[in-house]
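Trainee: I would like to learn how to read the features of a model like this one. Could we take them one at a time?

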Amino acid sequence: MEQKNILITNDDGIDSSGLRQLAEAAGRFGRVWVVAPDGERSAMSHCYTWKKSVRVWERDFPVEGVTAWATDGTPADCVRLGVLKLLPVKPDYVLAGINSGYNISHDIQYSATVGAALEASMWGVHAIAFSRGERSGQDMVDRYLSELMEEYMKSPLEQGQVWNINFPNCGLADCKGIRRNCRVSRDPFYVDHYEAEGIAPAGGAEAADASGISTAGSDENPAGGAEAADASGISTAGSDEDPAGGAETADASGISTAGSDEDPVGGTAYRLVIGRNWKGSEGTDLAAVIDHYISVGTVTNVG
């Protein structure tokens, strides 16, 4: 294969092992440059920066022959900067990843790994996004990465398309091979919910009830116990600030919405609890990784 100019980025940050592995593998096929965020930028999708400047600085990189820059921008910023400013030539390819965690099904809409690849396609650059399950065996990724890179750098794409490759959650011995031409799954995928957050108990989990809110005794409530808390585990006992106690300073979740010196706005903090429905229709990217196949398919940009 003729030596090419290759730009590599990711959304896990410039120090991630997946970025290093991708750069090492790409070195077989041409000259490699890295432009990557200085830290994690997961779920940034195709976001880019335009109302402020993006800082860029050259970084040492643990792969011989690779010139690398870190930025405080998004993965899409990294591609724009690489294509339009930093590289001495327009790249022939942009490779994004290797992301820690799948980019399949509805997750693709949020993925900054795929977003970076789609940014490259907007500038007419052939792009591939690589992702792996969080328990993917290193031996399996090592076995297939260069083979897939060579095949799909040569495989043509329609305008606005990128290749999207996902390694399953298994080792080499359990991997059944490559499943090509996978459709993006439209199966119901999310079973997420939100939980209201309280103040972390000083005594650790043993001092918390099932809601995670401390019911242990303290200087303010030496008796402790559920008798000083409502059903959510939030204290309704009186205090110097609220001698009457009660729910009038809490929202429906039982979390205080009153302001304080530390948080003058008040309000409730909700934490996203992620869940997934691991059932995919035949022929989809979701079904492929569930069945321990490497999933290969295309993602198409809007327009």
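**Reading the sheet and its surroundings**

Mentor: Ile6 stands opposite Val32 in S2. Keep in mind throughout that this is a predicted model.

Trainee: How many bridges join strand S1 to strand S2, and do the two run parallel or antiparallel?

Mentor: Bridges are the unit to read here, since two strands count as paired when DSSP finds at least two bridges between them. Strand S1 (residues 4-9) and strand S2 (residues 30-37) run parallel and share five bridges. Another facing pair is Ile8 and Val34 of S2.

Trainee: Is S2 mostly covered or mostly open?

Mentor: Burial is judged by relative accessible area, and buried means under 20%. In S2, seven of the eight residues are buried, and the strand is mostly covered.

Trainee: In what order do the strands of the sheet lie?

Mentor: Read the order across the sheet rather than along the chain. Nine strands make up an open sheet with mixed pairing, in the order S3-S4-S2-S1-S5-S6-S7-S11-S8. At its edges are strand S3 (56-59) and strand S8 (178-179), each paired on one side only. The protein as a whole has 11 strands and five helices.

Trainee: Which strands does helix H4 lie across?

Mentor: Helix packing is read from contacts and from the angle between axes. Helix H4 (residues 138-154) lies across S1, S5, S6, S7, S8 and S11, and runs at about 165 degrees to S6 (126-132). Tyr152 belongs to this helix. Leaving out residues up to four places away in sequence, Tyr152 touches His126, Ile128, Trp163, Ile165, Arg180 and Val296.

Trainee: Is Tyr152 buried or exposed?

Mentor: Tyr152 counts as buried because its relative accessibility is 4%. As for distance, Tyr152 and Val296 are 144 residues apart in sequence, with their C-alpha atoms 9.4 Å apart in space.

Trainee: What does Gln161 contact beyond its neighbours within four places in sequence?

Mentor: Set the contacts beside the sequence separation. Gln161, which is found in strand S7, is in contact with Ser121, Thr298, Val299 and Thr300 once those neighbours are left aside. From Gln161 to Val299 the separation is 138 residues in sequence, and 5.6 Å from C-alpha to C-alpha. At 16% relative accessibility, Gln161 counts as buried.

Trainee: And across the protein, what share of contacts joins residues at least 24 apart?

Mentor: Among contacts between residues at least 6 apart in sequence, 75% join residues at least 24 apart. Of the 303 residues, 45% count as buried.

Trainee: Next, salt bridges. How many does the count come to?

Mentor: The rule asks for a side-chain nitrogen of Lys or Arg within 4 Å of a carboxyl oxygen of Asp or Glu. The count comes to 10 salt bridges. One of them joins Arg80 and Glu119, with the closest N and O atoms 2.8 Å apart. Glu119 is in helix H3 (residues 112-122) and Arg80 in helix H2 (residues 75-86), so this pair ties together parts 39 residues apart in sequence.

Trainee: How buried or exposed are the two partners, Glu119 and Arg80?

Mentor: Read each partner separately. Glu119 is buried, at 0% relative accessibility, whereas Arg80 is partly exposed, with a relative accessible area of 22%.

Trainee: Where do the partners Arg59 and Asp15 lie?

Mentor: Their side chains meet in a salt bridge at 2.6 Å, N to O. Arg59 is in strand S3 and Asp15 in the loop between S1 and helix H1 (17-26), 44 residues apart. Asp15 is exposed, at 55% relative accessible area, and Arg59 is partly exposed, at 27%.

Trainee: Which residues are linked with Arg276 in a network of salt bridges?

Mentor: A network is read by following partners that are shared. Asp107, Asp192 and Arg276 are linked in this way. For Arg276 and Asp107 the N to O distance is 3.2 Å. Arg276 sits in the loop between S10 and H5 and Asp107 in the loop between S5 and H3, 169 residues apart. Asp107 is buried, at 16% relative accessible area.

Trainee: Last, the surface. Which residues form a nonpolar patch?

Mentor: A patch is read as a group of accessible side chains. Tyr194, Tyr270, Leu272 and Ile274 form one, with about 470 Å² of accessible area together. Ile274 lies in the loop between strand S10 (270-273) and helix H5 (285-290), and counts as exposed because its relative accessibility is 60%. The protein exposes about 15,600 Å², of which carbon and sulfur atoms supply 48%.

Conventions
Residues numbered from 1 in each chain as written. Predicted model: local features only at pLDDT ≥ 70, side-chain atom pairs only at ≥ 80, totals over all residues. Heavy atoms only, no water. Patch = residues over 30% accessible without salt bridge, like charges linked within 9 Å, V, L, I, M, F, W, Y side chains within 5 Å. Areas by Shrake-Rupley, 256 points an atom, 1.4 Å probe, with all protein chains shown as cover. Helix = DSSP H or I, 4+ residues; strand = E, 2+ residues; numbered from the N terminus. Buried < 20%, exposed > 50% of the residue type's maximum accessible area, 1.4 Å probe, protein only. Contact = heavy atoms within 4.5 Å. Axes fitted to C-alpha atoms, helices over the stretch in contact; angles between N-to-C directions.
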